[in-house]
Structure formats: C-alpha cells, structure tokens
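Here are a few exercises to work through with the model open beside you. Try each task before you read its solution.

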Amino acid sequence: MKRTCDVCLAAIGLIILSPLLAIIALLIRFDSPGPVIFRQIRVGQGFRPFAIRKFRTMVSNGSEGGPLLTVGQDCRITRVGHVLRRLKLDELPQLWNVLVGDMSLVGPRPEVPRYVECARSEFAEVLVVRPGITDLASLKYIDEASILATSSNPEEEYQYKVLPEKLRLAKLYVRHMSLRLDCAIVIQTLLHIAKLPLVVLTIPELKAAVEVSVASPWSGFSSFITRWRRPIIVVVDVGLIVLANYLAFFLRYDGNIPPSEHNVFEQTVLGLVAVRGIAFALYGLNEGLWRYTSLWDLQNILKGVLVSTVAFVTWVYWVMGIYSYPRSIFAIDAILIIGFLAGMRLSSRVLRDKVVFQKRRRVLVIGAGDPGERVVREMKTRSVFNCQPIGIVDENRLLLNQRIHGVRVLGGMQDIPRLIESLKPEIVVVAVPNPTPEFLRDLVIKLEPYDVSIKVLPSKEELLTDQSAVSQIRNVSIPDLLSRAPVSLDNRATRQLVQDKTVLITGAGGSIGSELARQIASFEPKGLLLYERHENSLYNIHKELDDRKYSFPVIPLIGDITDAQRLSAVLERYRPQILFHAAAHKHVPLVEANPIEAVKNNCIGTRIMAEAASLYGVEQFVHISTDKAVNPSSVMGATKRVAELIIQDIARTSRTRFLLVRFGNVLGSSGSVLLRFQEQIRSGGPVTVTHPEIRRYFMLIPEAVQLVLQAATVGEQGHTYILDMGEQIKVLDIARSLIRLSGLVPGRDIPIQFVGLRPGEKLYEELIGEGEIAVGSPLDKILQIRTINPLDFTVFREKLSALEVASSHDESSVVLEQLKEIVPMFGAAGSEAKPEEAVSNGVDSLIKR
C-alpha cells in the first residue's frame, strides 16, 4: 500500500509540478554555469547505494573538495540556491527517485556512505525501509544549516549529536510506521515550510534541539486577528444573522421567495440584527475564546437566540404591525442561527484539538465509576496528557459492552490477561475508589508477565476535585501492596497509658522514635521528652510536633545514652513515668566494621538506660529490639540480643515494668533497602541485591509503632512480644516489583545485579530463637515469647562485665570473642544454615503477601 501511494503521488506530483520544475531549471541555468541537477551517492534500503537527485543550489563543483555539511550562509550557495533551500524546492527532483523505487515520500533521510559506515549497526535497524524525502528528523532539524552554524565544530556536532538524534527518530518512525503517520509528516512538513503555526503531528521527541529565530509571514496576520478579535466576531455574527434569516425565507418558500415577502425581509432584517446583537452582547457571545468553547457557551447561545427571538416577534407584530410575517420563519431562523453560531465555535475547538497523528500512550482503565469516567473524559478531551483510553474493565457485568465517552467496558478483572494480549496497552490505570492492598496485589500478579506500567488514583479523600484527575495519577507504591489490615489499636488503653504522664523517647530522631513521638502526641501526655544525640534529626521531629501547637510541652534533649551523668540529670529533672528505648546502631555492614561502637551503644547504653530508669522510678520501660537478635549472625544482631538479656536481667529485681518488642525490617526507615532501591532506580540502575534467595520480614513504620504501643498497654514484666508477620519475602521480588511499579521493566530498563552476602548477613531471618516458644497474648496478631531454658544471669553479668572491659580497651577481637561467649549462636547461625521451613514455597514473590 505504501509503495502504491508513493508511485501514484510521485507521478501526479511530477506532472502537476512540471511547469514549476521547468521554471526552476531555467533560473538555475541563468543564475550560474553548470548542470541543473545535482547527483550524490547515498545509502538506501538494505545498504544499497543510489544516486539522489536535487536541484543544484551551489556553484558548479562546489561540493568537491569542500565540507560535506552546509553551515549557515555558505559562500558556495548561489542566489537561486538560497531561495530553493529556504523553500525546500531543491528536493523536488527526488520525486523521480521515489518513482523509480530508490526512495519513498516519507522515510529516514538517506545519508552519505561516510556517515553510514561510522554507525553501520545503528543504520541496520533503519535501512530496513526505503529512505524518504521527509521524515521526523526533517521536522526537528527543518533548518539544519542554521542549527549547525551555532556550533564551533559543525562536523563534530553533526556526527556526535545531530546524527544520533536523527537515527533515534528514524527508529521511532520505523516502529510506528503507518500511512496515517506518513500523511501527518507530509502535511506538517508543508506547514513548516510555509511557516504556518498549525500542528497536525504531535510527538514529544520532535521538540527542536536549537530554537532558530525565524520571522513568519503569518505572524502579522495572527497579531491582527488577535487584536481585532471582538469586532471580527461581531461582523461574523451579523453576517450569520442575515444569512440565517434569508435562508429561513428561502426554505419557507421552497427557494422561490415572492417579491412581497422579499420586501418583508428587507424591512425587518436590520431590526433582527439589532435585537440579536443586543441579546448576544448581554450573554457575552462575542467575548469567549472559540478554541475553548464548552457547554456554557452553547447554553448562552440558546439563551441569546431565545430572548432575541421573543423580542423580535414582539417588535414585528406589535411595533411594526407586520401581521403577515410568517410564524414558521421565526422557528426556522432560530434553528439556523443556533446551528451557525454553535458550528462556527465548535469547529474552531475541533480543528484545534484534531491532529492527523498523535503519539499517545494506550491506557486501559480499571473502574467504570465516577473516578473512571473522570479519567476517561480528561484523557479524551485534553491532548496534553498524550493518553488514549482504549478500554474499561469493571466487575459489574451489567456494564459489559456499555460505553463511557465512547470507550467500551470490555470485561472484568478475570479478563485482564486476555485484554492485555489483544489490546497491548502501555499503562493500566486503577480508577477504583480506595483499592484494597489485596486488589492491587492480585492486579500486579496478573500483569507480571507483561510490559505494562501500573498507575493508581489517590484515595477518594486525597483526590483533589479542583485539579485534573489524570495529573494526580501516581505509580503504585510498595506500601500500597504491603499494607496489612492495621493492628486494631485499643485507643482507650493507649490513651489511659500515656495521658497525663511524662513520656521519654530515646532515639527520637530515628524512623521508629519519631513515629512513636507522633502517635504518642495524639494521646495528650503530660509532657513529651525527645532524647537524641543527632541534632538535625532531633530538630526536624521537634519542629514538626511544635508546629502542631499541642497543649503539652514537647522538649528536645540532646544527649547520648552512654552518658550516665546526662541521663541522670534528665531523669532527675523531668521524672518521666514511661520510657521507650529506640536508640541503637542498626546498620548491619557499618556495625560489622565497628563492633566496639556497637557494643558501647547497643549493650552498655541499654544497661545504663535501664539502670537509670529503675533508679529514678520510671513506671514502664519498653525496649525496641529486632528479628536480627534471634540466632544472630551479625554483630548488630548479637549486640541487640545482649541488650535483650540485659533488660530481662534487670527486670527480675526492678519495680519498673520492663518489656521488649521484637519486629522485622521496617520499610522506609533510614537505611531501608526500599530507599536504596529507589535511589538506584532513579539513577538508572543497576539495582543491587546481595543474593537471589535472601528473604526478610517486612512491615511499615506505623505498624511497628502500633505494635510497640499495643505491647506497652498489656505487656508483662520481662516478656518479649512479636507481631505475627506471616511469611518472609524475597528481597529480589521487592526489587523487581519496585522497578515495575516505577513504570520500568526489570532486566531491560533497570538491570538487577547480585553482589553477594554482606558480612554478618543471613539468607533468612527468624522471630523465635533457640530455646524460645511463641504463645498467644491478649492482643490480636501479637505473640508472646517464652523462654524454655532459663539463663543463669549471674554468669551472664560476669560475661557482660568482661565484654564492657574489652570494649573500653578498644580490642575488637576480644569483643567479638566475648559476644560469642554471651550469645553462642553468634557465628554458628551463618547464612549457610537454611531450614526448609524458613524458605518454604509459600511466598514466591512480594505480591503473594
């Protein structure tokens, strides 16, 4: 079909343009000596060389010995040549190349062999089609000579910047090649040459690389229209009023208006123009911008015509006394003028939004409710989004095959794989109000095999009615998929726990500590003490809470948990009743490289903190631990296990109620793998995963804090509590899902690289250690850990003292040996140990949670 069109149009073009071709040939002959036609070897389809034909625009032999590129006002160009190049008339002889089969009307521009050999592999993807007279690159570089003139080295600029961009656009054309695209390129080329500011082809890649200032002959006319727009609209409307009234008489009398009725027309038409003109002015019909015509404008047209018709009837019958005026004329005239006014205005909007070809992303919309209707309407009416809705999916079977703004409801969720295969959308938009995590996980599973990105609207409460719905569409995030039903927090119990009491939080600037501060603040304590050694993070959380203007004091305290004197001063002055201990070194590789600091902070700091709390009569002490303390293989896990034993030891004899809360990895916290993956995706990859089989428990920060608060309300002295977290998740699956939810394809757009397990890292994590069992608790989804084999705490204290002495002497090897003495599983629970039940096939991907 393309070849047939090329031959027919080239033949017709040569015949019609033959007089123009002859005139150009004569002008070239008279302007300078030499041949009329310039021939040059170019590389065509399949790397076949051919002789391209152009009108000669340079002096004879001007291309021999000179540069291949024409830059700016090249002195070799003749007077006629300047005109031919500016109007692109020098390309007309290439119609003969099209006719004989060397070229096509539209296709990648052919290059000289020198440039083709420099990028032969790239051209191999392009020269599968015939080269053309014009293409996408011709539109972007419509004045290539002027663009190259801005460079200090045109040859280098062309070879390393312009040519690669041309090849990219050529590949884009090959991928989207169609007769419709060819037609749009030809029309847009002609409009560019004529410098008409009209667009029939919209592709984001066509933005000019260098803006070249060119005065358009149409700019003056456009300015005149804009300046005198209202008088012009009035004149057009007056002409339409007269025309509609005359046609009403013409139709009423079947095209043969009697002389008497013609006289009636002449007597009344000026009055009609005056009446309608006043009514149209009252309703602002001469003020609106036609390219934004809407239902509001159509309503005003109807009102203006109705009011002016009633006024005209009154004027004709009761002022002028022309009782012979046909009543049907009033109705016919009103219908015609409504059609004329609406048609003129709507045609401006239709022509403005209508393009021959527009590269749009194909979108499948899930949800046929109000949000779905809004998304479809905006995509259909606002070309700026470059989105084309191709179908709607909804579970309501009664809506099957119904249409919303012309887009059909194609089926339910079970039909999505079939629809993806047949329609090949690029984007799936979830326009369901408040989709559940289970719904989104199921959708991601269905779309896993396909190269399609998933977007979602904000929740119904977050969706801004005064903004475009499409502009608020965002990627599905990992928390959207991980959110379990929140732990049912007993607000009354928590409020009773903290209300009118002073609460101290250590590590208050960290992820868990700051969220604890936010949630506790909502229960109106007597005072909230934020204890943190990092001043920046402390400043941020204090400022956030201070801006909320709570009625109780929020006091920022800079201090270190290993500073016993500072702790004693704080506890002596403020006398907190409840203490949440969240301060710790938690970054596994850093702690592995700095074991002494880990012991100081996680072990000695916890002992000092717990002893001070017991000494100063703190009512309740909640220690925040980690799943890495269970059968630890890292220094971080071992030190956190020692901290747990310290709390259990002090709890045996203290009046302060001590309890521990143990949970897994927290998404979004400082140092979280999720944040690391997001940074790597933003930088283009690769995403680094330590091992393809590594698995972890994951939870959200609010979930972790809810667990802490729940345990604090009913926790028993010295006991440990954990959340029933289900099965572990492959970190590789999180990486893949995060890449896909960022609108990219794992492996193709963002590579995944395995870097090996880090020091102290295990393939899996555990929540229950050796010698422990999990039993139910009064709290839903929270388990209590009980120890089967009681620890000899006298021996433990002796080993702890030895550990502290070793840390004070800065002896890393001794510190590690002492840690192994206290925690025998440290080092024995390496990554090679992987019980089958810990890596069961119950979880194959992030989504299956």
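**Exercise 1. Find the sense in which strands S19 and S24 pair, and a pair of residues that stand opposite each other.**

Solution. Start with S19, which covers residues 657-663. In this predicted model, S19 pairs with S24 in the parallel sense, over 3 bridges. Then look across from S19 into S24: Leu660 stands opposite Thr720.

**Exercise 2. Now turn to the pairing of S24 with strand S28, and name the bridge partner of Ile722.**

Solution. S28 spans residues 782-787, and its pairing with S24 is antiparallel, with 4 bridges. The partner of Ile722 in S28 is Leu783.

**Exercise 3. Decide whether the residues on each face of S24 are buried or exposed.**

Solution. Begin with the general pattern: side chains of a regular strand alternate between the two faces of the sheet. In S24 (residues 720-723), Thr720 and Ile722 lie on one side, while Tyr721 and Leu723 lie on the other. All four are buried, so both faces of the strand are covered.

**Exercise 4. Place S24 in its sheet, and name the edge strands.**

Solution. Write down the strand order: S16-S15-S14-S17-S18-S19-S24-S28-S27. These 9 strands make an open sheet with mixed pairing. At its edges are S16 (554-558) and S27 (772-776), each of which pairs on one side only. From one strand to the next, the twist averages 25°. For one of the pairings, take S18 (residues 620-626) and S19: they run parallel and are joined by 7 bridges. Val622 has Leu659 in S19 as its bridge partner.

**Exercise 5. Which strands do helices H21 and H28 lie across?**

Solution. Take H21 (residues 511-521) first: this helix lies across S14, S15, S17, S18 and S19, and runs at about 165° to S14. Next comes H28 (residues 701-714), which lies across S17, S18, S19, S24 and S28. The angle between H28 and S19 is about 150°.

**Exercise 6. Count the disulfides, then check Cys5 and classify Cys5 and Cys603 by accessibility.**

Solution. The test is a pair of cysteine sulfur atoms within 2.5 Å. With that cut-off, the count is 0 disulfides. For Cys5, the nearest cysteine sulfur belongs to Cys8 and is 6.9 Å away, and Cys5 is in no disulfide. Cys5 counts as partly exposed because its relative accessibility is 28%. Cys603 has 0% relative accessibility and therefore counts as buried.

Conventions:
Residues are numbered from 1 along each chain as its sequence is written. This is a predicted model: local features need pLDDT of at least 70, side-chain atom pairs count only at pLDDT 80 or more; totals for chains, interfaces and linings use all residues. Side-chain values use heavy atoms; hydrogens and water are left out. Buried means under 20% relative accessible area, exposed over 50%, partly exposed in between (1.4 Å probe, protein chains only). Helices (H or I, at least four residues) and strands (E, at least two) are DSSP runs, numbered from the N terminus. Two strands pair if DSSP finds at least two bridges between them. Axes are lines fitted to C-alpha atoms, for helices over the stretch in contact, and angles run from 0 to 180 degrees between N-to-C directions. Contact means heavy atoms within 4.5 Å.
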